[in-house]
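Here is a short tour for a reader meeting this structure for the first time. Start with the sequence and the model, then follow the text.

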Amino acid sequence: MVQSKPPNKDAYTLILEAIDVGVFKPGDRLVESDLAERFGVSRTPIREALQRLETQSLLARDGRSLIVSSLDHNQMAELYVVRTELEGLAARLAARHATAEEVRVLGDMVIEDRKLVHDPSALARANRRFHKQIHLASHNRYLVQQLDLVHRSMALMATTSIAVEGRGEDTLVEHQAIVDAIAARNESAAYTALRDHISKAFVTRLKQDADS
């Protein structure tokens, strides 16, 4: 079924978003003709988009085919180190620069997300929105750009730590602590709360992988 291409979205963005939301998962093979039909664009921009995604290591070669990349244990650990520091910085800057409206939005997100606690997939999407809001509230465009790159790589993880039993409730408790610190304009507490949140997610993922 051909999907109409939304305005202002090129082939690269369309494929990237499909990877991000899990339409294309690690190990999935991407075929030019199939993608062109799916998104309603010609094969030339699809080919260029695939080349760009391969350069960014979001796609990998499997013989003559391109597949969505996956992360091994070492790559995942390295990614979490970077994510932890950058996310912590975003929270620190949000505590300094966020507007009252941005703080209100973050608080409302936590309240609304409680309705999703028993739906890991929906809560995972909400979690990404929550973190993106903190990035934007940092009011540092360069930090936002770097975090966008990190979160693109996060999409290469086959599962989410939120799917682990009890992790959804813990995630929302941790989100509330982050919002409280930002609302209090406590930069150090916001930094620590966000770092601890990411660290706990990483530990949960390691246990998840060990049990699988």
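Helix α2 (32-39) has four buried residues to look for: E32, L35, A36 and F39. They cover an arc of only 100° around the axis, which puts them on the same side of α2. An α-helix has 3.6 residues a turn, so residues three or four places apart point the same way. The buried residues of α2 pack against α1, β1 and α3. After α2 comes G40, with a positive phi near 70°. This is a predicted model, so every value here is computed from it.

Helix α3 spans residues 43-55. Its 13 residues reach 18 Å from the first C-alpha to the last, close to the 18 Å expected at 1.5 Å a residue. Which residues of α3 are buried? They are I46, A49, L50 and L53. Seen down the axis of α3, these residues fall within an arc of 100°, so they line one face of the helix. Their packing partners are α1, β1 (29-30), α2, β2 (59-62) and β3 (65-68). Just after α3, S57 takes a positive phi of about 70°.

The table sets out the two helices.

| Helix | Buried residues | Arc of buried residues | Residue after the helix and its phi |
|---|---|---|---|
| α2 | E32, L35, A36, F39 | 100° | G40, near 70° |
| α3 | I46, A49, L50, L53 | 100° | S57, about 70° |

Next come the spaces in the model. The structure holds one cavity of 30 Å³ or more. The volume of the largest cavity is about 30 Å³. Which residues line the largest cavity? The lining is made of L16, I19, D20, L58, R152 and A155. Helix α1 (residues 11-20) supplies the largest share, three residues. By type, the lining has four nonpolar residues, two charged and no polar ones.

The second largest pocket holds about 350 Å³ of space. Its lining has 13 residues, and the closest to the pocket centre are D20, R128, K132, D148 and H151. D20 is also in the lining of the largest cavity. Three helices, α1, α6 (120-137) and α7 (141-154), each supply at least two residues of the pocket lining. Which helix gives the most? That is α6, with five residues. Eight residues of the pocket lining are charged, three are nonpolar and two are polar.

Two residues of helix α8 (residues 167-183) close the tour. One is E169, found in this helix. Is E169 buried, partly exposed or exposed? At 38% relative accessibility, E169 counts as partly exposed. Buried would need under 20%, and exposed over 50%. Leaving aside neighbours within four places in sequence, E169 is in contact with V117 and H118. The C-alpha atoms of E169 and H118 are separated by 8.8 Å, although the two residues are 51 residues apart along the chain.

The other is A181, also in helix α8. A181 has a relative accessible area of 8%, so A181 is buried. Not counting residues up to four places away in sequence, A181 touches A95, N186, A189 and A190. How far apart are A181 and G63 in space? They are 50 Å apart, C-alpha to C-alpha, and 118 residues apart in sequence.

Key:
Residues numbered from 1 in each chain as written. Predicted model: local features only at pLDDT ≥ 70, side-chain atom pairs only at ≥ 80, totals over all residues. Heavy atoms only, no water. 1 Å grid on protein atoms, 1.4 Å probe; cavity = no way out; pocket = protein on both sides within 12 Å on 5 of 7 lines; lining within 4 Å. Points joined across faces, edges and corners; volume = space filled by probe spheres on them. Nonpolar A, V, L, I, M, F, W, Y, C, P; charged D, E, K, R; others polar. Expected span 1.5 Å × (residues − 1). Buried < 20%, exposed > 50% of the residue type's maximum accessible area, 1.4 Å probe, protein only. Arc of directions from axis to C-beta. Contact = heavy atoms within 4.5 Å.
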